[in-house]
Amino acid sequence: SALVLGGTLAAMNWGHWYLTNSGLPKEPMEQMSLLVLGALLLLPLTLGGCFLNVFQTGETLPPGRFSWLLGLGGQFITSPSQWAPQLHLRYGVAPDIDLGVSSGILITPQSGQITPLGLVADVRRQLHHRPVFTLGLGLGALSFSSLLSDISLYLSQPFGVLTPYAAYRASLTLSAAGGLGLIQQVAAGVAIANPNRAPIFL
């Protein structure tokens, strides 16, 4: 995410100066664009184990507004490698409150095994919204064999069309083998405003 954000901002900045000073070489801008493209292609490798409801800003949807997010996570550090296509839906139900649901499947290409990831439902409340930053709180539950409930904190700060965000999620787990446990996830990135459509999350 840092490579995507940094490369995009550097390429945009170089492109601006390239337009105002035609004597600058265009090759650095092309190299930065290739860096961003490469980082975007590698991004799914870093999303393994995370549900898409972690990748959110602190802002809630207005009442009656609907959004969706389609993403692909992956796990390639241990063998066998796995892919995790996921879908996340959100709906604004009241000022500063929206509901979300996420689901997906886990695909193991080597064995051809497909495992459902379960269903995560959460409610998000926007706690603080100022020009400086937005803070949101999410409470959720997962209908799956091991995860029981989770709590998430979302922090974001808009800069025009770019909104850097950070999220922390703690999930309570219960399994026959391990008993009660806790899984913690941290996500950070940037949401890019997309007029009349859902934002793009990196």
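Select V93 to begin: this residue is in strand 2. The model is a predicted one, and strand 2 is where confidence in the protein chain is highest, at a mean pLDDT of 86. V93 counts as partly exposed because its relative accessibility is 40%, a value that falls between the limits of 20% for buried and 50% for exposed.

**The nonpolar patch around V93**

Extend the selection to F66, W68, L70, L87, Y91, V93, L99, V123, L139 and I151. Together these residues make a nonpolar surface patch of about 940 Å². Colouring by secondary structure is useful here: strand 1 (66–75) and strand 2 (82–94) each supply at least two residues of the patch.

**The whole chain**

Zoom out and display the protein chain as a cartoon. Its secondary structure comprises 2 helices and 9 strands. In what order do the elements follow one another along the sequence? The pattern reads α-α-β-β-β-β-β-β-β-β-β.

Now switch to a surface representation. The accessible surface of the protein chain is about 11500 Å², and carbon and sulfur atoms hold 69% of that area. Of the 202 residues in the chain, 33% are buried. Among contacts with a separation of 6 or more, 45% are made by residues 24 or more positions apart.

Colour by pLDDT before going into detail. The mean for the protein chain is 75, and 77% of the residues reach 70 or more. Strand 9 (residues 200–201) has the lowest confidence, at a mean of 64. Where pLDDT is low, the predicted coordinates should not be read in detail.

**R90 and its two partners**

Return to strand 2 and show R90 as sticks, together with D98 and D122. Side chains of opposite charge can pair when their charged atoms come close. The structure holds 4 salt bridges. One of them joins R90 to D98, with the closest N and O atoms 2.8 Å apart. Are these two residues buried or exposed? Both R90 and D98 are buried.

A salt bridge also joins D122 to R90, and here the closest N and O atoms are 3.3 Å apart. This pair links distant parts of the chain, since D122 is in strand 4 (residues 113–129) and R90 in strand 2, 32 residues apart. D122 and R90 are both buried.

**R124 and the network**

Add R124 to the selection. R90, D98, D122 and R124 are linked in a network of salt bridges. R124 is located in strand 4, and it counts as buried because its relative accessibility is 4%, which is under the 20% limit.

Which polar partners does the side chain of R124 have? A polar contact of 2.7 Å joins it to the side chain of D98, and the side chain of R124 also reaches the backbone oxygen of E59 at 3.1 Å. To view the surroundings, select the residues in contact with R124, leaving aside its neighbours within four places in sequence: Q56, T57, E59, T60, L61, R90, D96, I97, D98, L137, G138 and Y154.

**D96 in the loop**

From that list, select D96, which is found in the loop between strand 2 and strand 3. Its backbone deserves inspection: D96 has a positive phi of about 70°, although it is not a glycine.

Next, display R125. D96 forms a salt bridge with R125, the closest N and O atoms being 3.8 Å apart. Because D96 lies in the loop between strand 2 and strand 3 and R125 in strand 4, the pair ties together parts of the chain that are 29 residues apart in sequence. D96 is partly exposed, at a relative accessible area of 33%, and R125 is also partly exposed, at 39%.

**T108 in strand 3**

The final selection is T108, a residue of strand 3 (residues 97–108). Is T108 buried or exposed? T108 counts as buried because its relative accessibility is 7%. Which residues does T108 touch, not counting those up to four places away in sequence? Select P80, S81, Q82 and Q113 to display them.

Note on methods. Residues are numbered from 1 along each chain as its sequence is written. This is a predicted model: local features need pLDDT of at least 70, side-chain atom pairs count only at pLDDT 80 or more; totals for chains, interfaces and linings use all residues. Side-chain values use heavy atoms; hydrogens and water are left out. Helices (H or I, at least four residues) and strands (E, at least two) are DSSP runs, numbered from the N terminus. Buried means under 20% relative accessible area, exposed over 50%, partly exposed in between (1.4 Å probe, protein chains only). Contact means heavy atoms within 4.5 Å. Accessible areas come from the Shrake-Rupley method with a 1.4 Å probe; for residues, only the protein chains shown count as cover. Patches are made of residues with over 30% relative accessible area and no salt bridge: like charges are joined within 9 Å, nonpolar side chains (Val, Leu, Ile, Met, Phe, Trp, Tyr) within 5 Å. A salt bridge is a side-chain nitrogen of Lys or Arg within 4 Å of a carboxyl oxygen of Asp or Glu. pLDDT is the predictor's confidence in each residue, from 0 to 100. A polar contact is a pair of N or O atoms within 3.5 Å; within protein, one must be able to donate a hydrogen and the other to accept it, and residues adjacent in sequence count only if both atoms are side-chain atoms.
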